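Dear colleague,

Please find below the structure that I am handing over to you. My notes on what was found in it follow directly after.

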Amino acid sequence: MLIRNLCNIALASTVLALSGCKGGILDPKGQIGIDEKNLIIIATVLMLLVVVPVIVMTLYFAWKYRDTQNQEIYAPKWAHSNKIEAAVWAVPIVIVIILGVITWESTQELDPYKPIEGKGEHLTVEVVSLNWKWLFIYPEQGIATVNELVFPANVPVEYKITSESTMNSFFIPQLGSQIYSMAGMETKLHLIANEPGTFKGFSANYSGAGFTGMKFNAIATPTQADFDKWVTSVKANANNLTHANYVELAKASENNPVAYYGKVDDGLFHTIVMKYMQAHGDMNKKHHAMGEHGQMSKKHHEMAEQSMPSSHSQGEE
């Protein structure tokens, strides 16, 4: 009866604990998230195969060889057991090998840069982390949004991610992997939503005073037609995101409201990624020009030397 009650309490505690995981990584709504959840569970169970017996044996031996127990055999000269050594070393080695194989395979399969196969053509979204808001550019649709990400369910999405300044981490827990956004660099992430819904997204990397308000809604529409209808509504917006407007948008702001842009300048995302490389390019041009100037000066010097009469010719004259 006692054991049964303890089991019921343990089960109820587990259910209560997992109920708090709603909307998180243990409540996935996309294929990548589901695969990662399975990996977490498998790895945890394998590690518990060692942890749980150790805890149980620790409590058992403490009780069995307690100070008031006088019925057990006292063997002060006992020091070694081949069976115990075999168990102590063999079990962890086997578990580590299994974990290694699973980790290797899952690392290849869940590579964030790897496109999702068998789900059709990917939708491309360019993501820019600003202080402290998210900018989403749809290059194929020619629109942009702030703090709202919309895509069709069951359609794979390729995210191209960069940062205006501070490093952040793009993360939608229910859909899967997170990946960092860094200034002057482009990272990639491929995700898919297996069902329509609204999922919470945020930055998983602290980036300053407005970090806590750096959140957005990731909305998976039921059908492609619903997504196309949303795109049409955004295009009807009079706001345009030009290179000049982006400079104003990039200024730091906290708890920024959702904003829509019906038109975006071509190449804006590329300009954001490469803006820190402009000085490097100017320096290369300068060095190249200096090199050409040096070569021309050297050539002029050689020509001047050739035009001067040698001392031998002067003596003959």
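Lys188 counts as partly exposed, because its relative accessibility is 26%. In this predicted model, the side chain of Lys188 meets that of Glu158 in a salt bridge, with 4.0 Å from N to O. Lys188 belongs to strand E8 and Glu158 to strand E5 (residues 157–163), so the pair ties together parts that are 30 residues apart in sequence. Glu158 has a relative accessibility of 16%, and buried means under 20%, so this partner counts as buried.

The search of the whole structure finds six salt bridges. One of them joins the side chains of Lys114 and Glu109, at 3.5 Å from N to O. Here Lys114 is partly exposed, at 28% relative accessibility, while Glu109 is exposed, at 53%. In another, between Lys251 and Glu248, the closest N and O atoms are 3.1 Å apart. Lys251 is partly exposed, with a relative accessible area of 47%. Asp27, Lys29 and Glu195 are joined into one network by salt bridges that share partners.

I turn next to the sheet. Which strands form it, and in what order do they stand? Six strands make up an open sheet, in the order E8-E5-E1-E2-E3-E12, and their pairing is mixed. Strand E8 (187–191) and strand E12 (259–261) have a single partner strand each and stand at the edges, so one side of each is left without a neighbour in the sheet. From one strand to the next, the twist averages 20 degrees. Within the sheet, strand E1 (residues 123–130) and strand E2 (residues 133–138) run antiparallel and are joined by five bridges. Leu130 stands opposite Lys133 in E2. Helix H4 (residues 224–235) packs on the sheet, where it touches E1, E2, strand E3 (143–146) and E12. The direction of H4 makes about 90 degrees with that of E3.

The nonpolar cores come next. As a general point, nonpolar side chains tend to be buried together in soluble globular proteins. The largest nonpolar core here has 36 residues. Those with the most contacts inside this core are Val125, Phe136, Tyr138, Leu149, Phe151, Tyr159 and Phe170. Two or more residues come from each of E1, E2, strand E4 (148–152), E5, E8, strand E10 (215–221) and H4. Which element gives the most to this core? Helix H4 does, with four residues.

Tyr159 may serve as an example from this core. Its neighbours within four places in sequence left aside, Tyr159 is in contact with Val125, Val127, Leu149, Phe151, Phe170, Thr187, Lys188, Leu189 and Leu191. Lys188, the salt-bridge partner of Glu158, is thus listed here as a contact of Tyr159. Apart from the largest core lies another, of 16 residues, including Leu130, Leu135, Phe269 and Ile272.

Finally, there are two segments that come from a record. An unreviewed UniProt entry lists residues 39–63 and 84–104 under "transmembrane region". In the model, the chain over residues 39–63 is 100% helix and 0% strand, and the end C-alpha atoms are 36 Å apart. Over residues 84–104 the chain is likewise 100% helix and 0% strand, with the end C-alpha atoms 30 Å apart.

With kind regards

Definitions and conventions:
Residues numbered from 1 in each chain as written. Predicted model: local features only at pLDDT ≥ 70, side-chain atom pairs only at ≥ 80, totals over all residues. Heavy atoms only, no water. Pairing = 2+ DSSP bridges. Axes fitted to C-alpha atoms, helices over the stretch in contact; angles between N-to-C directions. Contact = heavy atoms within 4.5 Å. UniProt positions renumbered as here; feature names shortened; annotations may be inferred. Buried < 20%, exposed > 50% of the residue type's maximum accessible area, 1.4 Å probe, protein only. Core = buried A, V, L, I, M, F, W, Y, C linked by side-chain atoms within 4.5 Å.
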